[in-house]
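Reader: I have a model open and want to go through its charged pairs and its core. Can we start once it is on screen?
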Amino acid sequence: MVQLLDTKELQKAQDWIAIASSLSQELAKTAVERDTRAGTPDIEVQRLRETGLLPLIVPKEYGGIGATWVEALKIVQELSKADGSIGQLYGNHLNLTALSHVAGTPEQKDRYYRETVQKNLFWANAINTRDTRLKISPDGEHFRVDGVKSFGTGVGISDLRVFAAVQDGVEVPLTFVIPKDREGLESLQDWDNFGQRRTDSATFTFHNVLVYNNEVLGYPTPPDNAFATFLGIIAQLTKTYVYLGITEGAFTAAKHYTSTQTKPWITSGVESATLDPYILHNYGEFWTKLQAATTLADRVALQVQQAWDKGVELTNQERGEVAIAVFSAKAFATTVGLEIVTNIFNVTGTRSTANQYGFDRYWRDLRTFTLHDPVDYKFRDIGNWVLNNELPVITQYS
């Protein structure tokens, strides 16, 4: 049963980043235990409901909090510091909450925004257009769906579920939204990866699942409507903030351990690890690169918000230029993040590899999630723009 929200209470002036920070600190206390246990993120999603964070980016005219993407992405980063899985789940939820805003009819936009607030709904998806095993076919005025869809991140615990399926004779996959109680959907419970273990990104099978006509989004899309595909760019930046949060979490955990547990090397000539010149050098590098990656992302978030505010007036040229900026932030956060989460052990020492600390989860989570789409192709697209002034081809990932 969903927990309903009082919309008037919701819109009172509150420090949502402080609420997110408090939740992040709470989740950090059980992060190692939950990572070991894996499974369904029921605790995490319930706490998101209770804190009132689910309607964060729903505009105030629909009863939501009305946060900007700049504000929302910092909350994604804050939650990711404690747990990369909850950061990914929440970031996806925010993106999906706005899906009908860019790709739906006015009626769908109104309905899904209002329902998200009034029923305190959590969104999840398995869009992954590269997986074409899910088929959708007309059935009178509506549709039926059969087949298999992978990477159903958080779908098992969600209230509204977004999928993409292929229709014969139609080039663009159809995206649709169905409620959690729709019959014919089954999870294979096969998410057993070494990272992002609490995302429950399982494979789902569909058995003659009914999809109503008004549950289908985003097709056909006018070719000159750059805004209709802009959420894909926001999703790329959302992932960037998850990466930054995981990296910041690793940095903070390592810093505390070094300050309280690490011993200086026998030939260092100092009495404390915090005075070791090599440890100091490493932390100096970590800090500088993390600050640079975060500053770049924050600057790009402002560009994204400005583009979002243009709505249907956004041009394809503007969309492409923002995409390049987002790719730069994402590629840099990936490179810096993987370097830091790998090298924190150089400044913490052998005992820090004990399972009780779980410091390896930062690397496992970041390594897993940064494989979402190849960073090499982001650098290629950036280079192609720099040298040839060519904007990236529009796909789910660009």
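Reader: Which residues are linked with Arg34 in a network of salt bridges?
Author: Asp42, Glu44, Asp83 and Arg198 are linked with Arg34 in that network. A salt bridge here is a side-chain nitrogen of Lys or Arg within 4 Å of a carboxyl oxygen of Asp or Glu. This is a predicted model, where local features need pLDDT of at least 70 and side-chain atom pairs count only at pLDDT 80 or more, while totals for chains, interfaces and linings use all residues. Residues are numbered from 1 along each chain as its sequence is written, and side-chain values use heavy atoms, with hydrogens and water left out.

Reader: How many salt bridges does the structure hold?
Author: The count is 25.

Reader: Back to the network. What is the N to O distance for Arg34 and Glu44?
Author: It is 2.7 Å. Arg34 sits in helix H3 (residues 31-37) and Glu44 in helix H4 (residues 42-51), so the salt bridge ties together parts 10 residues apart in sequence. Helices are DSSP runs of H or I with at least four residues, numbered from the N terminus.

Reader: Is Arg34 buried or exposed?
Author: Buried, at 2% relative accessibility. Glu44 is buried too, at 1%. Buried means under 20% relative accessible area, exposed over 50%, and partly exposed in between, with a 1.4 Å probe and protein chains only.

Reader: What does Arg364 form a salt bridge with?
Author: Its partner is Asp360, with the closest N and O atoms 2.8 Å apart. The two are four residues apart in helix H12 (residues 360-369), so about one helical turn separates them. Arg364 counts as buried at 13% relative accessibility, whereas Asp360 is partly exposed at 33%.

Reader: And Arg133, which residue does that one pair with in a salt bridge?
Author: Asp131, at 2.9 Å between the closest N and O atoms. Arg133 is partly exposed at 44% relative accessibility, and Asp131 is buried at 8%.

Reader: Changing topic. How many residues are in the largest nonpolar core?
Author: There are 112, and those with the most contacts inside it are Leu56, Phe176, Phe206, Phe230 and Trp308. Helix H9 (residues 231-260) supplies the largest share, 14 residues. A nonpolar core is a set of buried Ala, Val, Leu, Ile, Met, Phe, Trp, Tyr and Cys residues joined through side-chain atoms within 4.5 Å.

Reader: What does Leu56 touch, not counting residues up to four places away in sequence?
Author: Trp16, Ile65, Gly66, Ala67, Ala72, Ile75, Tyr90 and Leu94. Contact means heavy atoms within 4.5 Å.
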